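Biologist: I would like a close look at a single part of this model, taken slowly and with the reasoning spelled out. Please choose one element and follow it through its surroundings.

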Amino acid sequence: MTKQEAEQLLETFIENENLRHHCRMVAAAMTAYAQKLDKNDQETHEWYLAGLLHDLDWEKHPDAHPNYALAEVFPKFGLPVSVTEAIRAHAPERTGKQPETEIERYLFACDELSGFMHAVSLMRPEGFVGMKASSVTKKMKDKRFAANVSRDDIRHGADLIQTELGAHILFLAEVFAKS
């Protein structure tokens, strides 16, 4: 699946622009991490696809997410197993699949944090530019702010990629500031 085909699939399945934006943010994060980890072009593309398509069925089938897309959508497109397994592992409480491989761990680590950081960026006149890790972690302590985002998943994600949370936040802030 090419980037253009993946983008078209995203546009077909997701109408909500905020959800599309989230998927594109996670795709940018995954691409940046793949490049940082010196993945080859094919692997980098797979990381991009996992990020872009991870929430494809969230809008139309929230109760069946991500299982609906895994069973009903992705098989029609021949996505690489690494991509579908990463998508399966990004929601272990729904699928029973824990993030084990590198792509799985990084998708889990980037998903919730990307959404949370976006919420923080909306509170700042400069968005992601100059965002400090301390401003994000301070907002994490406010349970009412972006209340639907799991702080435990954010912390667990950083642990999964063996990166200090502050460094993970700063890396993503740089990625998102350029996007």
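Modeller: What follows is a walk along one helix, α7, and the residues that belong to it or follow it.

The model is a predicted one, and the helix in question, α7, runs over residues 102–122. Its 21 residues, at 1.5 Å a residue, should span 30 Å, and because the C-alpha atoms at its ends are in fact 30 Å apart, the expected and the computed lengths agree. The helix nevertheless has a kink of about 25°, which is centred on S114. As for its setting, 15 of the 21 residues of α7 are buried, so the helix is largely enclosed by the rest of the structure.

The residue at the centre of the kink deserves attention. S114 has a relative accessibility of 0% and therefore counts as buried, the cut-off being under 20%. Its side chain reaches back to the backbone oxygen of C110 at a distance of 2.5 Å. An α-helix has 3.6 residues a turn, so residues three or four places apart point the same way. Leaving aside residues up to four places away in sequence, S114 touches H22, M25, V26 and A29, and also L172 and F176.

C110, whose backbone oxygen receives that contact from S114, is itself buried, with a relative accessible area of 0%. A search of the whole structure finds zero disulfides; C110 is accordingly in none, and the nearest cysteine sulfur, that of C23, lies 13 Å away. Such a distance cannot be a disulfide here, because the two sulfur atoms would have to be within 2.5 Å. C23 is likewise buried, with a relative accessible area of 0%.

Further along the helix, the packing can be followed through M117. The largest nonpolar core holds 58 residues, and those with the most contacts inside it are L53, F74, F116, M117 and L172. Not counting residues up to four places away in sequence, M117 touches F128, M131 and V136, together with I169, L172, A173 and F176. L172 and F176 thus appear among the contacts of M117 and also among those of S114.

Beyond the end of the helix the setting changes. M123 lies in the loop between α7 and α8, the latter covering residues 133–140. With a relative accessible area of 54%, M123 is exposed, because that value is over 50%. The C-alpha atoms of M123 and D153, which are 30 residues apart along the chain, are separated by 22 Å.

Notes:
Residues are numbered from 1 along each chain as its sequence is written. This is a predicted model: local features need pLDDT of at least 70, side-chain atom pairs count only at pLDDT 80 or more; totals for chains, interfaces and linings use all residues. Side-chain values use heavy atoms; hydrogens and water are left out. Helices (H or I, at least four residues) and strands (E, at least two) are DSSP runs, numbered from the N terminus. The expected span of a helix is 1.5 Å times one less than its number of residues. The bend at a residue is the angle between axes fitted to the seven residues ending there and the seven starting there. Buried means under 20% relative accessible area, exposed over 50%, partly exposed in between (1.4 Å probe, protein chains only). A nonpolar core is a set of buried Ala, Val, Leu, Ile, Met, Phe, Trp, Tyr and Cys residues joined through side-chain atoms within 4.5 Å. Contact means heavy atoms within 4.5 Å. A polar contact is a pair of N or O atoms within 3.5 Å; within protein, one must be able to donate a hydrogen and the other to accept it, and residues adjacent in sequence count only if both atoms are side-chain atoms.
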